[in-house]
Amino acid sequence: MQQHNYLRLCVLSRSPDHCPCCISTMTFFALLMFSGLMTGCTGNSSYSLPPRLLLVSFDGFRADYLQNYEFPHLQNFIKEGVLVEHVKNVFITKTFPNHYSIVTGLYEESHGIIANSMYDSVTKKHFSDFNDKDPFWWNEAIPIWVTNQLQENRSSAAAMWPGTDVAIYNATPSYFMNYSPSVTFKERLNNITTWLSTSSPPVTFATLYWEEPDASGHKYGPEDKESMRRVLKEVDDHIGDLVQKLKMLGLWESLNVIITSDHGMAQCSESRLINLDLCISRSDYSLIDLTPVAAILPKINITEVYDKLKNCSPHLNVYLKEDIPNRFHYQHNDRIQPIILVADEGWTIVQNKSLSKLGDHGYDNSLPAMHPFLAAHGPAFHRGYKQSTMNIVDIYPMMCHILGLKPQPNNGTLGHTKCLLVDQWCIHLPEAIGIVIGALLVLTTLTCLIIFMQNRLSAPRPFSRLQLQDDDDDPLIE
Ligand SMILES: [Zn+2]
């Protein structure tokens with residue numbers, strides 16, 4: 001009401017020169033817009049408890065499973081939260097490298113976990129799925145659970161996640177489980193929720209990892225609809241159990257939960273094999289990693305090995321280390337071998353003729369079949385918002401923001417996730433253009449109105465004299 005009178009006053013005034021409130025009108029609109037921006041920026045600050053986050057990974061959950069199979073529990077989770085349909089992961093699209101990129105925000109060449117199988121030629125150390133406990137491999141980066149624990153009165157917990165059972169920078173999470181694929185999902189869930197609800201200092205960052213649907217994707221291949229339907233229903237039931245447990249413990253509304261994955265899965269076939277033995281003698285090289293990205297350490301002249309391999313198959317890209325495309329961000333690390341071979345989607349590199357798995361991943365990270373998804377729910381996230389894509393390295397700065405942690409240097413961009421977060425102001429280009437045009441229209445209309453009123457008030461009025469006489473003629477009547 002007050003604003004209304006203020007505006008009316010300004011419109012009726014004779015000249016902007018004599019009326020500071022016309023300038024104030026402009027200021028008022030500017031303030032109105034600014035306050036809108038500020039509201040967007042400060043957002044929902046209703047959660048004053050220390051922010052908490054549970055990061056969940058279902059290994060090998062290909063993005064388009066969401067469109068092609070039924071996920072009643074996951075879809076309910078998404079309905080009340082956010083969904084990123086495709087997450088562009090990092091090359092190579094394997095489990096250890098991508099899980100470490102999620103928790104560090106770094107490309108593989110920067111965090112050092114460049115494959116599931118590695119060899120360091122200086123120390124002569126080997127790394128594999130079953131030999132991953134040496135901190136040497138992990139210490140090129142600091143994962144978020146370590147950074148979180150450096151804050152006062154905070155602890156981290158892990159019901160498995162690559163690296164969480166290793167003393168990275170001399171620290172494991174305060175609560176963790178040694179990796180064992182035979183531990184059931186239920187046991188992992190019980191552990192993590194117990195730690196989240198009872199620990200002191202409170203667990204503010206937690207991880208939960210599950211091997212499916214990756215294991216079944218390898219075994220049956222993603223095109224085996226019946227087998228995949230069965231395992232994806234189990235995955236969805238696990239998500240149902242997770243949500244139910246969080247609700248039962250009173251954590252559902254206060255805890256932020258991210259459900260994501262490391263990579264997708266491609267269908268392989270006996271008819272799509274690249275047999276290295278047909279191109280090069282095994283005595284000419286050491287094989288550090290095999291498929292679909294082979295890491296080759298030559299025992300003879302590098303160029304000679306390269307020449308033997310470069311025409312091995314039209315479905316094999318052969319790179320000298322220095323020629324690996326920049327877009328892979330996969331070059332500047334001593335653990336990357338002198339020659340790498342990258343198979344086309346669905347092709348398998350072998351040293352003999354047998355195919356060991358019907359599904360695989362590790363291929364070019366620009367392939368949609370290699371992408372996972374991301375869904376999130378909690379006080380930090382919008383409800384019912386969907387966006388098409390983000391990078392896997394963007395998850396780290398988003399998690400640091402939610403937890404109020406100062407991020408380590410990383411390759412991610414918080415701006416790519418702003419639209420997911422309630423405390424960030426997010427606008428798309430078409431909307432921004434619309435707002436600017438709208439604001440210009442309002443200002444133009446107001447200016448015209450002011451000019452019109454000024455002209456009207458300053459124009460000669462035929463009855464003004466008569467009115468003046470009316471006002472002043474009392475003495476004459478007397
Ligand atoms: Zn796998």
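Is histidine 218 buried or exposed? In this predicted model, histidine 218 has a relative accessibility of 14% and therefore counts as buried, the cut-off being under 20%. Aspartate 214 is likewise classed as buried, because its relative accessibility is 10%.

Both residues belong to the zinc site. The zinc ion is coordinated by two OD contacts from Asp214, by NE2 of His218 and by NE2 of His361, at 2.1 to 2.5 Å. Along the chain, these donors follow the spacing D-x3-H-x142-H. Aspartate 214 and histidine 218 both lie in helix α10 (residues 214–220), and because they are four residues apart there, about one helical turn separates them. An α-helix has 3.6 residues a turn, so residues three or four places apart point the same way. The angles among the four donor atoms run from 55 to 146°, and the site is irregular. For four tetrahedral donors the ideal angle is 109.5 degrees.

The structure as a whole contains 13 salt bridges. One of these is formed by glutamate 140 and arginine 335, with the closest N and O atoms 3.3 Å apart. Glutamate 140 lies in the loop between α7 and α8, and arginine 335 in the loop between β13 (316–320) and β14 (339–343), so the pair ties together parts that are 195 residues apart in sequence. The two partners fall into separate accessibility classes: glutamate 140 counts as partly exposed at 37% relative accessibility, whereas arginine 335 counts as buried at 3%.

The surroundings of glutamate 140 include further contacts. The loop that holds this residue runs between α7 (135–138) and α8 (144–149). Leaving aside residues up to four places away in sequence, glutamate 140 touches Ser110, His111, Gly112, Asn333 and Arg335. With asparagine 333, the side chain of glutamate 140 makes a polar contact of 3.0 Å; with the side chain of arginine 335, the polar contact is 3.3 Å. Serine 110 is 30 residues away from glutamate 140 in sequence, and their C-alpha atoms are 7.3 Å apart.

A second salt bridge, between arginine 327 and aspartate 364, has its closest N and O atoms 2.6 Å apart. This pair links distant parts of the chain, with arginine 327 in the loop between β13 and β14 and aspartate 364 in the loop between β16 (359–360) and β17 (374–377), 37 residues apart. Arginine 327 is partly exposed at 42% relative accessibility, while aspartate 364 is buried at 15%. Elsewhere, Asp132, Lys133 and Asp165 are joined into one network by salt bridges that share partners.

Aspartate 307 and lysine 310 also form a salt bridge, at 3.6 Å from N to O. Both residues are in helix α12 (residues 302–310); because they are three residues apart, about one helical turn separates them. Aspartate 307 is partly exposed, with a relative accessible area of 39%, and the value for lysine 310, also partly exposed, is 39%.

Helix α13 (residues 395–403) is mostly covered, with eight of its nine residues buried. Among the buried residues are Ile395, Tyr396, Met398, Cys400 and Leu403. Glycine 404 follows the helix and has a positive phi, near 70°.

In an unreviewed entry, UniProt places a "transmembrane region" at residues 432–452. In the model, this stretch is 100% helix and 0% strand, and its end C-alpha atoms are 30 Å apart.

Key
Residues are numbered from 1 along each chain as its sequence is written. This is a predicted model: local features need pLDDT of at least 70, side-chain atom pairs count only at pLDDT 80 or more; totals for chains, interfaces and linings use all residues. Side-chain values use heavy atoms; hydrogens and water are left out. UniProt positions are given in the numbering used here, feature names are shortened, and annotations may be inferred rather than shown by experiment. Helices (H or I, at least four residues) and strands (E, at least two) are DSSP runs, numbered from the N terminus. Buried means under 20% relative accessible area, exposed over 50%, partly exposed in between (1.4 Å probe, protein chains only). Donors are N, O and S atoms within 2.8 Å of the metal (3.2 Å for Na, K and Ca); water is not among the atoms, so sites may look incomplete. Four donors count as tetrahedral if all angles lie between 85 and 135 degrees; four count as square planar and six as octahedral if opposite donors are over 155 degrees apart and all others between 65 and 115; anything else is irregular. Contact means heavy atoms within 4.5 Å. A polar contact is a pair of N or O atoms within 3.5 Å; within protein, one must be able to donate a hydrogen and the other to accept it, and residues adjacent in sequence count only if both atoms are side-chain atoms. A salt bridge is a side-chain nitrogen of Lys or Arg within 4 Å of a carboxyl oxygen of Asp or Glu.
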